[in-house]
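Q: I have a fold open in my viewer and would like to learn how to read it feature by feature. Could you walk me through it?

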Amino acid sequence: MTKNPVQFNMRKISIDQFAILIDTFPETASFGMEIQLGFKASPKERLIAATFKYIFETENKKPVIILEVSCYFEVEENSWKEFKNKKEIVIPRGLLCHMAVHTVGACRGILHCRTESTPFNSFILPPINVESMIDEDMVLPLEEK
């Protein structure tokens with residue numbers, strides 16, 4: 001656990017996947033959503049990537065819109081040092097949650113922009129409790145020198 005607030009910056013937003021898979025839909029149609037969250041880290045670059053994938057689907061699970069976005073965060077060097085112990089790097093769950101919240105916000109904006117002037121602009125990402133999706137800290141092995 002870090003003693004000081006973690007200093008970091010968002011370095012990049014990547015739209016890894018975006019597709020609208022149908023042309024129209026009835027106004028009475030109801031849709032569900034599948035959500036996937038993942039993290040990757042590059043200790044050498046002090047980068048953490050949070051990736052959200054949303055699949056809007058029909059009642060019978062046919063995909064309608066697929067959106068996958070990754071946000072890359074660079075952790076300041078002194079903050080990164082606080083993650084290290086003698087045998088591993090431990091990225092706190094709270095920081096992962098914070099980064100996931102930023103990524104969800106980016107997804108909302110991307111979905112709005114990509115569907116502007118289409119009937120799919122009414123699709124909105126609902127509030128998501130990312131804390132319930134992240135169970136523990138991310139643990140990485142220390143790099144060999």
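The dialogue below takes up cysteines, a strand pair, a nonpolar core and one helix residue.

A: Gladly! Keep in mind that this is a predicted model.

Q: Let's start with the cysteines. How many disulfides does the structure hold?

A: A disulfide is a covalent bond between the sulfur atoms of two cysteines. Here the structure holds zero of them.

Q: Why is there no bond at cysteine 97?

A: Look at the sulfur distances. The closest cysteine sulfur to that of cysteine 97 belongs to cysteine 71 and is 15 Å away, too far for a bond, as a disulfide needs the two sulfurs within 2.5 Å.

Q: And what about cysteine 113?

A: The reasoning carries over: its closest cysteine sulfur, in cysteine 107, is 12 Å away, which is too far for a bond.

Q: Are cysteine 97 and cysteine 113 buried or exposed?

A: Relative accessibility tells you. Cysteine 97 has 6%, so it counts as buried, while cysteine 113 has 53% and therefore counts as exposed.

Q: Now the strands. In which sense do β2 and β3 pair?

A: For a strand pair, check the direction and then the bridges. β2 (residues 31-42) and β3 (residues 47-58) run antiparallel and are paired over twelve bridges. To find the register, place glutamate 34 opposite isoleucine 55 in β3.

Q: What links the two strands, β2 and β3?

A: They form a hairpin, with four residues between them. Take a look at arginine 46 in that turn: its phi is positive, about 55 degrees.

Q: Which residues touch the most other members of the largest nonpolar core?

A: For a core, ask who belongs and who has the most partners. This one has 35 residues, and Ile48 and Ile91 touch the most other members. Elements giving two or more residues to the core include β3, β4 (63-75) and β5 (88-91). The largest share comes from α2, with ten residues.

Q: What is isoleucine 91 in contact with?

A: Setting aside neighbours within four places in sequence, the contacts of isoleucine 91 include Ala41, Ile48, Trp80 and Phe83, and also Asp137.

Q: One last residue: where does threonine 115 lie, and is it buried or exposed?

A: Threonine 115 is in helix α2 (residues 93-115), and it counts as buried because its relative accessibility is 0%. A polar atom of its side chain lies 2.7 Å from the backbone oxygen of leucine 111. Not counting residues up to four places away in sequence, threonine 115 touches Phe18, Ile20, Ile65, Phe120 and Asn121.

Key. Residues are numbered from 1 along each chain as its sequence is written. This is a predicted model: local features need pLDDT of at least 70, side-chain atom pairs count only at pLDDT 80 or more; totals for chains, interfaces and linings use all residues. Side-chain values use heavy atoms; hydrogens and water are left out. Buried means under 20% relative accessible area, exposed over 50%, partly exposed in between (1.4 Å probe, protein chains only). A polar contact is a pair of N or O atoms within 3.5 Å; within protein, one must be able to donate a hydrogen and the other to accept it, and residues adjacent in sequence count only if both atoms are side-chain atoms. Contact means heavy atoms within 4.5 Å. Two strands pair if DSSP finds at least two bridges between them. A nonpolar core is a set of buried Ala, Val, Leu, Ile, Met, Phe, Trp, Tyr and Cys residues joined through side-chain atoms within 4.5 Å.
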